[in-house]
Amino acid sequence: MTNATQNVSTATATKLTWDTEAYDTTAYHDTGTNPERLTIPTTGKYRVSAGGFFGFTDVTEFDLWITLNNSTGIGNSIAGQSLHNQTAGKAVNLSFDREFTASDYIEAYCYHDNGSTRAFTNGYFTIATLDV
């Protein structure tokens, strides 16, 4: 899944939505219903990747994290990536392998403390079966 640009308010955990599917042969995602989520169709092992770009300077903190089944906050994440004290735009990427149960779903969040609403661009959120 991808999104072109999503605005993220300062100091606010923002759930990212995904408006485009490159392909989705197993119905992980629906752009109309719950466009923020990838749903696991079958119990098994999966590889999840997410990332994007914040193209602004002077950020003290930028976080991207993945949650499971509507848990909220970075403290409840199953994977995350943090960047601190950046003086130039920065891409953030994460990837992990995990076993999921059928009907589990995952969502991606981001956060920054730049002082005003900023654009998160070139975002992506992918999942692939490793072993079912």
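Q: Which residues does Ile 127 touch, not counting residues up to four places away in sequence?
A: In this predicted model, Ile 127 is among the residues of the largest nonpolar core that touch the most other members. Its bridge partner is Val 48, with Ile 127 itself sitting in β9. Beyond its sequence neighbours, Ile 127 touches Tyr 28, Leu 38, Ile 40, Tyr 46, Arg 47, Val 48 and Ile 106.

Q: Which elements give two or more residues to the largest nonpolar core?
A: That core holds 24 residues, and those touching the most other members are Ile 66, Phe 100, Ile 106, Cys 110, Phe 125 and Ile 127. As for the elements that give two or more residues to this core, they are β4, β5 (59–68), β7, β8 and β9 (118–131).

Q: How many bridges join β4 to β7?
A: Start with a single pair: Phe 54 stands opposite Lys 90 in β7. The two strands run antiparallel, and the number of bridges joining β4 to β7 is 11.

Q: How many bridges join β4 to β9?
A: Here Val 48 finds its bridge partner in β9, namely Ile 127. These strands also run antiparallel, and the bridges joining β4 to β9 number nine.

Q: Why is β4 largely enclosed by the rest of the structure?
A: A residue is buried when its relative accessible area is under 20%. β4 is largely enclosed because that label fits most of the strand: of its 11 residues, the number buried is eight.

Q: Which side chain meets Arg 47 in a salt bridge?
A: Arg 47 is partly exposed, at 38% relative accessibility. Its partner is partly exposed too, with a relative accessible area of 44%. The pair links strand β4 (residues 44–54) to strand β7 (residues 90–100), 50 residues apart. With an N to O distance of 2.7 Å, the side chain that meets Arg 47 is Asp 97.

Q: Which residues are linked in a network of salt bridges?
A: A search of the whole structure turns up three salt bridges. In one, Lys 15 meets Glu 107 at 3.3 Å, N to O, tying strand β2 to strand β8 (residues 105–112) across 92 residues. In another, Glu 107 meets Arg 37 at 4.0 Å, a link between strands β8 and β3 with the residues 70 apart. So, with salt bridges counted within 4 Å, the linked residues are Lys 15, Arg 37 and Glu 107.

Q: Is Glu 107 buried or exposed?
A: Its salt-bridge partner Lys 15 counts as partly exposed at 28% relative accessibility. Glu 107 has a relative accessible area of 0%, so Glu 107 is buried.

Q: What is the nearest side chain of opposite charge to Glu 36?
A: Glu 36 lies in the loop between β2 (14–15) and β3 (37–39). This residue is buried yet has no salt bridge. The cut-off for a salt bridge is 4 Å, and at 4.2 Å away, the nearest side chain of opposite charge is Arg 37.

Q: Which residues is Glu 36 in contact with, leaving aside its neighbours within four places in sequence?
A: Glu 36 is buried, and its loop runs between β2 and β3. Its contacts, with those neighbours left aside, are Lys 15, Leu 16, Thr 17, Trp 18, Ile 106, Glu 107, Ala 108 and Phe 125.

Key: Residues are numbered from 1 along each chain as its sequence is written. This is a predicted model: local features need pLDDT of at least 70, side-chain atom pairs count only at pLDDT 80 or more; totals for chains, interfaces and linings use all residues. Side-chain values use heavy atoms; hydrogens and water are left out. Helices (H or I, at least four residues) and strands (E, at least two) are DSSP runs, numbered from the N terminus. Buried means under 20% relative accessible area, exposed over 50%, partly exposed in between (1.4 Å probe, protein chains only). Lys and Arg count as positive and Asp and Glu as negative; His and the chain ends are not counted. Contact means heavy atoms within 4.5 Å. A nonpolar core is a set of buried Ala, Val, Leu, Ile, Met, Phe, Trp, Tyr and Cys residues joined through side-chain atoms within 4.5 Å. Two strands pair if DSSP finds at least two bridges between them.
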